[in-house]
Amino acid sequence: MNWLMRKCKNCGHYTLSWDKCPVCGGELIIPHPPRFSPVDKYVGQRLKMKIEKSVLKLDEKPSYVP
Ligand SMILES: [Zn+2]
C-alpha cells in the first residue's frame, strides 16, 4: 500500500495533497514511521553478546524440549 497522507510541517494539518499544504501553503512531510524490517542487521551481534554473557547457553537443551 502506498502512503498517500502528508502532514504539514508548519501547521500540522493532514492532507492528501502532494505539493503543499492547502491551509497555509507549507511544506509537507510523510508522517509515517519507517517500515519494520524483518532483516535484522544486528541479530548476529546480539546473539554473540548473549552467548558471551552466558544468557544463552548453546550446549544446554531448551527447557521446552521433553
Ligand atoms: Zn499548513
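Strands here are DSSP runs of E at least two residues long, numbered from the N terminus. On that footing, W18 sits in the loop between β2 and β3. The model is a predicted one, and W18 makes a handy way into it. With 8 other C-beta atoms within 10 Å, W18 comes out as exposed, because the cut-off for that class is 12 or fewer. Along the chain, W18 and L4 are 14 residues apart, and their C-alpha atoms are separated by 8.2 Å.

Stepping back to the overall layout, the protein chain has one helix and three strands. Read along the sequence, these elements follow the pattern β-β-β-α. Burial is scarce: of the 66 residues in the protein chain, 6% count as buried. As for contacts between residues at least 6 apart in sequence, 12% of them join residues at least 24 apart.

The three strands make up an open sheet, with the order β2-β1-β3 and antiparallel pairing. β2 and β3 (28-29) are the edge strands, each pairing on one side only. Between β1 and β3, which run antiparallel, there are two bridges. Within this part of the sheet, C8 stands opposite L28 in β3.

L28 also turns up in the surroundings of N10, a residue in the loop between β1 (6-8) and β2 (14-15). N10 and L28 are 18 residues apart in sequence, with a C-alpha to C-alpha separation of 8.4 Å. Once neighbours within four places in sequence are set aside, N10 is in contact with C21, C24 and G26. Is N10, then, buried, exposed or partly exposed? It has 13 other C-beta atoms within 10 Å, so N10 counts as partly exposed. The two loop residues thus fall into separate classes, because W18, with 8 such atoms, is exposed, whereas N10, with 13, is partly exposed.

That leaves the helix. Helix α1 spans residues 43-52, and of its ten residues the number buried is zero, so α1 lies largely in the open. Being buried would take 20 or more other C-beta atoms within 10 Å of a residue's own. After α1 comes S54, whose phi is positive, near 60 degrees.

Terms used. Residues numbered from 1 in each chain as written. Predicted model: local features only at pLDDT ≥ 70, side-chain atom pairs only at ≥ 80, totals over all residues. Helix = DSSP H or I, 4+ residues; strand = E, 2+ residues; numbered from the N terminus. Contact = placed C-beta atoms within 7 Å. Pairing = 2+ DSSP bridges.
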